[in-house]
Amino acid sequence: MDSLQAGDPRYLKRKVKGCTLDVHPTEKAILVQYEVEAMILGEQGDAMIGGRKECQKMIRLKSLNSNTDTSSLAQKVVDECHLIHPSKLNEVEQLLFYLQNRRQANDDQEKKYTSPRDFASYAGVEINEEASINSIDEYLELLYEDIEEKIRGATLIFQLARNPDNLEELKQNEMALAALARVLREDWKQSVDLATTIICIFFCFSSFSQFHGLVTHFKIGALCMNIIEHELKRYDLWQDELQRKRKAYEEFSENQNLKKEHEKSLKKYQSLLTKQEQLLRVSLCLLLNLAEDTHTELKMRNKNIVNMLVKILDRKDEELLLVVVSFLKKLSIFLENKNDMAEVFAVDKLALLVPCDHEDLLSTTLRLLLNLSFDTVLRSQMVQAGLISKLSSLLVDDGQKQLSMCILYHISMEDRFKPMFANTNCIPQLMKMIYDFGDLKMDFELISLCINLAANKTNAKVMCEGIGLKMLMKRSVKLKDVLVMKMIRNISQHNGTTKSLFLDHVGDLAAQISLEQSEEYMIECLGTLANLTIPDLDWALVLKEYNLVPYLKDRLKPGAAEDDLILEVVILIGTVSMDDSCAAMLAKSGIIPALIELLNAKQEDDEFVCQIVYVFYQMVFHKATRDVIIKDTQAPTYLIDLMHDSNAEIRKVCDNTLDIITEYDEEWGKRIQNEKFRWYNCQWLEMVENRQMDETGESLLYGEDGDSFIENRDIVERPDLLYSADGIISTDGAISPEFYANFKNGELGQSFLGSVPEEFSTSAHGPTDRPVSAYGFRPDEQLFNYTSSSHLTWNLVNTNTDPAI
């Protein structure tokens with residue numbers, strides 16, 4: 001050998017720097033990360049060439065268990081691994097202790113379930129040979145042989161790829177990866193084992209984001225899409241063939257040849273199906289990894305990945321189903337994919353998986369259904385698929401009850417679905433869960449679902465069965481729970497036996513009305529009391545015993561509290577004013593001027609205006625408070641201003657109230673009549689002024705034939721433009737006692753009456769069923785006939801001011 005010339009390198013100097021320790025995320029191992037600095041020295045010892053490389057070493061701890069002495073094991077690790085400095089002994093011991101506890105916490109779960117992406121159990125073909133990274137070239141040569149040798153070579157490379165430490169080195173061997181991609185592209189139809197093994201290799205790369213570019217470079221994702229589509233078509237052909245042979249066997253059951261052929265085909269089908277599902281599973285896992293990039297996911301969607309996944313939901317393999325459902329869950333966060341799932345009725349197939357024994361599959365399915373439940377169309381499909389009863393049965397499962405409640409909550413948001421809960425075991429189970437919480441804070445999902453369901457009358461009855469209402473009241477009063485009181489308030493709005501149950505709890509509710517309570521809690525308590533329109537309830541006694549009148553009056557001042565609280569106070573005043581003695585008590589306390597002041601302040605808020613006018617309606621209805629409203633306040637003036645309000649509900653309540661005032665007070669009656677006529681007259685004039693002349697200048701009052709559109713009738717004889725006395729009775733069909741008494745005594749002309757309902761012919765003591773709130777006024781048909789006498793209408797006009805027309 002020739003001697004080295006001057007300046008040639010003499011030796012290599014290697015130095016290890018920056019050693020850090022960490023635990024492996026999934027295995028019993030410690031990762032040693034370090035940096036190697038290498039330099040080639042010259043003859044004189046000076047550095048000629050240098051370089052650095054980051055390295056990692058894995059120290060596997062197969063013997064680590066719950067009984068291991070971590071101190072002794074840490075000392076052994078430091079002694080045997082020269083990369084770890086003895087000063088890091090304590091750090092090694094801490095890492096071992098962490099691994100020891102982590103494994104104890106996760107052992108049971110890992111033994112029970114297999115990750116859908118763990119393909120260690122699959123090796124293509126059983127071989128007893130152990131792969132070596134140094135023999136990669138030999139394995140590469142096998143890929144150019146026949147199918148059996150190709151499978152053997154791919155299997156050995158797969159053994160290497162399963163170790164993450166080898167992936168970086170395999171990446172550098174681009175020739176081997178290109179050969180694998182070529183073999184997969186050319187021969188995947190010839191052997192399912194070969195295709196599965198090669199896809200498993202690329203799946204190992206796809207498990208790490210830094211290798212996604214490599215997988216995309218060889219177009220493995222697009223190839224997997226083609227493979228999945230082809231396998232689904234093959235599956236349909238297998239099903240058709242098997243069905244055909246089964247029918248032939250059933251038609252000729254005595255033919256033993258047909259029976260044997262059917263059994264043989266069934267066994268072959270089951271064998272092929274197992275291999276096919278393994279291929280589908282690894283292919284979908286690879287695609288799921290690549291779908292981390294939204295652009296790649298969009299390409300999959302364009303190739304109809306959603307439809308393929310939904311088709312696979314018919315399979316029975318739980319591990320394959322877990323991958324499919326996980327993929328669908330990831331896709332479901334995008335609107336387009338969600339719409340695709342709705343079109344192919346994915347919910348119907350997902351409903352078949354609820355419930356199931358595979359807990360991971362069940363949990364993932366529920367999460368997917370939760371994503372889909374935000375869509376109203378898909379919620380309807382869930383109800384049709386019977387998911388309400390299925391999800392209700394899962395409320396007893398601690399692992400799945402929260403997800404189940406969230407989905408049920410979304411379904412309960414629609415009124416049309418609420419009654420369906422009463423036919424299941426859902427509501428009793430929810431009430432039991434509330435009871436089990438005791439004094440602890442409840443889950444928001446639970447109480448939110450209960451609040452929604454309580455808005456339905458049938459559900460409310462089920463909730464109140466037994467000690468249901470008593471339990472809710474006790475919890476709400478004791479803990480001042482706003483959400484439970486909101487649920488109680490929803491229950492209290494239903495008429496019938498449910499509302500009657502609140503008679504025992506009126507005192508508890510009234511006792512909560514004080515300045516010390518939070519406003520949110522007060523709003524719910526006041527709202528609940530306002531709903532209690534119970535005939536047997538003595539409101540006067542409640543107001544006196546709990547001294548509520550001063551509180552109600554003080555809260556009416558603008559700015560005294562939040563608007564929501566003030567509004568509930570007004571509604572409660574309207575409820576208690578149905579009682580004669582309560583109305584008188586409130587009128588004497590000066591609440592009416594306070595309401596007028598509030599009306600001035602909130603005149604732009606239709607809700608406030610409607611409820612305040614309803615209080616006036618209740619006050620005017622009672623003889624004891626009628627004089628106070630009419631003579632001592634300006635309420636009638638405000639009512640006249642509001643009788644033409646743009647809000648229909650306000651107009652209805654005003655008309656009812658003004659009709660009673662017109663009947664009782666002659667002076668106000670004329671004023672109201674004049675105002676109505678003036679308004680109708682203005683409407684007529686405005687209509688006439690807006691009519692345009694045609695090109696010839698002729699008025700549009702005449703038709704094409706020159707006939708008047710009023711057909712020779714008196715132009716004033718227009719019932720729709722003149723004052724109507726329909727306000728003599730209230731819109732709900734009830735008339736005031738005084739008007740009815742005058743009618744019985746003959747003081748009112750019979751010509752005013754067209755017909756009187758039978759309900760008013762039995763009692764002269766006022767209405768029997770007045771509206772209980774300002775909402776929902778629905779006037780009955782008019783009880784008076786104004787069209788029977790034209791001269792009567794003319795007289796009504798002439799008793800007022802001169803018509804402008």
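**Figure 1. Overall view of the predicted model.** Helices here are DSSP runs of H or I with at least four residues, strands are runs of E with at least two, and both are numbered from the N terminus. On that basis the protein has 39 helices and three strands. It contains 805 residues, and 47% of them are buried. Accessible surface totals about 42,200 Å². Carbon and sulfur atoms account for 48% of that surface. Take the contacts between residues at least 6 apart in sequence: 71% of them join residues at least 24 apart.

**Figure 2. Helix 13, residues 318-331.** The helix has 14 residues. At 1.5 Å a residue they should span 20 Å, and the end C-alpha atoms are indeed 20 Å apart, so the expected and modelled spans agree. At the N-terminal end, aspartate 317 acts as the cap. One of its side-chain oxygens sits 3.2 Å from the backbone nitrogen of glutamate 319.

**Figure 3. The surroundings of helix 13.** Helix 13 is mostly covered, with 11 of its 14 residues buried. An unbroken run of buried positions goes from Glu319 through Leu320, Leu321, Leu322, Val323, Val324, Val325, Ser326 and Phe327 to Leu328. Leu331 is buried as well. The cover over these residues includes helix 10 (256-290), helix 11 (294-302) and helix 12 (305-312). Helix 14 (335-343), helix 15 (346-351) and helix 16 (359-372) are also among the covering elements.

**Figure 4. A cis peptide bond at proline 355.** Valine 354 and proline 355 are joined by a cis peptide bond. Its omega is about -10°. Proline 355 belongs to the loop that links helix 15 and helix 16. Both of those helices are among the elements covering the buried residues of helix 13.

**Figure 5. Lysine 219, with positive phi.** Phi of lysine 219 is near 55°. The value is positive, yet the residue is not a glycine. Lysine 219 is found in the loop between helix 8 (212-217) and helix 9 (220-251). Its relative accessible area is 60%; the cut-off for exposed is over 50%, so lysine 219 is exposed.

**Figure 6. Asparagine 547, with positive phi.** This close-up shows another non-glycine residue, asparagine 547, with a positive phi of about 50°. Asparagine 547 lies in the loop between helix 28 (539-545) and helix 29 (548-555). Its relative accessibility is 51%, so asparagine 547 counts as exposed.

Technical notes: Residues are numbered from 1 along each chain as its sequence is written. This is a predicted model: local features need pLDDT of at least 70, side-chain atom pairs count only at pLDDT 80 or more; totals for chains, interfaces and linings use all residues. Side-chain values use heavy atoms; hydrogens and water are left out. Buried means under 20% relative accessible area, exposed over 50%, partly exposed in between (1.4 Å probe, protein chains only). Contact means heavy atoms within 4.5 Å. Accessible areas come from the Shrake-Rupley method with a 1.4 Å probe; for residues, only the protein chains shown count as cover. The expected span of a helix is 1.5 Å times one less than its number of residues. A polar contact is a pair of N or O atoms within 3.5 Å; within protein, one must be able to donate a hydrogen and the other to accept it, and residues adjacent in sequence count only if both atoms are side-chain atoms.
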